[in-house]
Amino acid sequence: MTSLPPRSGDAANLIEVQDLEMHFPVTRGIVFQRRVGTIKAVDGLSFSIKKGETLGLVGESGCGKSTTGRAILQLYRPTNGHVIFEGQDLTTLKGDALRKMRRRVQMIFQDPYASLNPRMTVGDIIGEPIKVHRLREGKAVRERVDELLGLVGLNSAFANRYPHEFSGGQRQRIGIARALAVEPQFVVCDEPVSALDVSIQAQVVNLLEELQQKLGLTYLFIAHDLSVVKHISDRVAVMYLGKIVELSEGAKLYSMPLHPYTQALLSAVPIPDPKVEQQRRRIILEGDVPSPLNPPSGCHFHTRCPIMIPKCKEEEPPFTDYGDGHFAACWRARESAELMPTVARKQAEAIAARIAADIAKVKVKSKVG
Amino acid sequence: MAPLLDVRNLETHFHTQDGVVKAVDTVSFYVNRGETLGIVGESGCGKSVTSLSIMRLIPSPPGKVAGGQIFFDGQDLLQASEQQMRHIRGNRIAMIFQDPMTSLNPVLTVGRQITESLELHLKLTKREALSRAAELLDMVGIPSASKRLDNYPHQFSGGMRQRVMIAMAISCNPELLIADEPTTALDVTIQAQILELINRLKEELDTAVMIITHDLGVVAGMTDRVTVMYAGKVVEEAKTAELFANPRMPYTIGLLRSIPRLDDGRGRKLNPIRGLPPSLIDLPQLCPFSPRCDYVRDECLTKTPPLRSVAEDHRAACLFDITMETPLPAQKPEGVAA
């Protein structure tokens, strides 16, 4: 695939991702492992994030959004592509240089239960990155840990306790404190609130927003919950089967989605208001996400797309700017907004017809007591 | 007409080393025929234990239904013999569980799992049961249904497994379907498929549905009435439209304010509920929500507020008349919450 030399991009961009690809081999056999296929988890992503901005990355499970986050941080070494952070291509860094860079970019993990070592005290968990990077020595480490605990809204007396003594929301705060311990500029938040209860989610979302303002952080916010992503992001990218299908400034993506997948995704999210819910018509996508081992030809979405045309099967749509940085990869992006409501109406009619037909069938079945 | 399911003062306790956990504490609610009731609450509020108590599936020990009555079609399920329960479970009351990955038996074909209850409850022969199972799979939208009867659960995706679960649940035309977080483990486009399916089947079969969820969006779209649970107690109940338009319990108000909405503009600051849900061991005699409540007053700490009528068909467990419009008291106590 393409391997262009890194372009020097916009100076306002903190991080630039160019043609990022992350492929995993699928092998068979125990001793002699034959390669029988490739999972293209991330298949050619390009985007940039400005300093102080939050880019939301949404998609269903298995679409490659977490892999993207990990490949950017070089937790996986990407198969292809470049990640330019402050003028440096992270994909070419090795050894000490890579370790030094890791101070600048950090990650907050999804599962606050699995991402903290149960045998370490909270103080040790947060203090370890400080010691590894030699940011403080001796007593100063402990002072810094106390400061970080205060920053994320925890009592500094908690430093001597173990993770199991905390609730999910508190653990997520510990994870955030650990990520911030090395004073990063860029933080990948990988589903930071999905494991938390509704009333706790808002606490953590607010904390992330406050920290961003206080410390000037830049976020890549990965989540499957479109409402949370909308709330926190400046711009939003929608992923489907390893590719970004739409990317735009947040409000515009939600009010005027161009890609049929985005439209279906948005219509599927229930809104906590019965009045609104009664008026809404959902676009129900048929079937499941196809396997990334053998993705469909042309546009990856064509197998589920309700407004598919023959061209979609043959040619992959380009990722085109439809004005003001609103990108979409769809052959019918310009007309989709008009076509999709008809799809929703027809679906509603079909469901009503099916109910009528099935009721007649069911009534015949008598129940044996 | 008497309600189909009438739960009165249900108490389910778990005996643990640290003490007795009152997971469900004097909970009452009812479900009418053909109606959809939503039970909302956070993890640990007792909503799943309530549904398991109705099905008499509480593991004992450590659990025990300590009191109350559960009338189903006039019969108290808590007095029913195990044999009578077997006749009800899966036949007249069916359940859809949260996790379709673990609630199907991995070593039996889905055909066998569906036909089991058909042969047992409806006394169908093996052949009749198989053809009925194919019909059911078709009804829940599984393509080429008759071919897939011989497949094992691992050959289905998550959404498809949930459809198999639903096919099993509706196989005997139950009068009451209990759906315990039926879409929590699924992606949003699959969730839309499943919710649409439950709605369609409910209409076709005229089944009453009790849907247990933490997602207020699902409740808004699916239910006729809502019961809100907190710390093992019912804290508010009303018709769905009324509850969302005019919530009267500070917990419900807090929940509605804390969730980001898809139709919100950006920049609205979320108002989280501070603190954590209380431990259910030795809950003192005070309002269980008082440590997290913005409107807390001294009276809240003296007794557990009873569920009282605040409007027509609307009851809330709060001593005061608090609405969405009630201004917040001036001093905002600091807490762990940011």
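**Entry 1: the interface**

I looked up the interface first and found that 47 residues of chain B are in contact with 47 residues of chain A; two residues are in contact if their C-beta atoms, placed from the backbone, lie within 7 Å. On the side of chain B that touches chain A, at least two residues each come from α7 (188-205), α8 (216-222), α9 (240-245) and α10 (250-258) of chain B. I note that helices (H or I, at least four residues) and strands (E, at least two) are DSSP runs, numbered from the N terminus. The largest share of this side, 10 residues, is supplied by α7(B). Sorted by class, the side of chain B that touches chain A holds 22 nonpolar, 13 polar and 12 charged residues. Here Ala, Val, Leu, Ile, Met, Phe, Trp, Tyr, Cys and Pro count as nonpolar, Asp, Glu, Lys and Arg as charged, and the others, Gly among them, as polar.

**Entry 2: the model and its confidence**

I record that this is a predicted model, in which local features need pLDDT of at least 70 and side-chain atom pairs count only at pLDDT 80 or more, while totals for chains, interfaces and linings use all residues. Residues are numbered from 1 along each chain as its sequence is written, and chains are lettered from A and ligands numbered from 1 in the order in which they are written. The model scores ipTM 0.82 and pTM 0.86. I then checked pLDDT, the predictor's confidence in each residue, from 0 to 100. Chain B averages 88, and 96% of the residues score at least 70. Over residues 334-338 of chain B, pLDDT stays under 50.

**Entry 3: a helix pair across the interface**

I examined helix α9 (residues 260-268) of chain A against α7(B): they pack at an angle of about 55 degrees, with their axes 8 Å apart. Axes are lines fitted to C-alpha atoms, for helices over the stretch in contact, and angles run from 0 to 180 degrees between N-to-C directions. The angle makes α9(A) oblique to α7(B), because angles under 35 degrees count as roughly parallel, over 145 as roughly antiparallel, 65 to 115 as roughly perpendicular and the rest as oblique. Which residues meet in this pair? A264(A), L265(A) and A268(A) of α9(A) meet V188(B), T189(B), Q191(B) and A192(B) of α7(B). By class, this contact has five nonpolar, two polar and no charged residues.

**Entry 4: S60(B)**

I located S60(B) in the loop between α1 (47-54) and β4 (63-72) of chain B. Is S60(B) buried or exposed? S60(B) is exposed, because 11 other C-beta atoms lie within 10 Å; 20 or more would make a residue buried, 12 or fewer exposed, and a count in between partly exposed, with C-beta atoms placed from the backbone.
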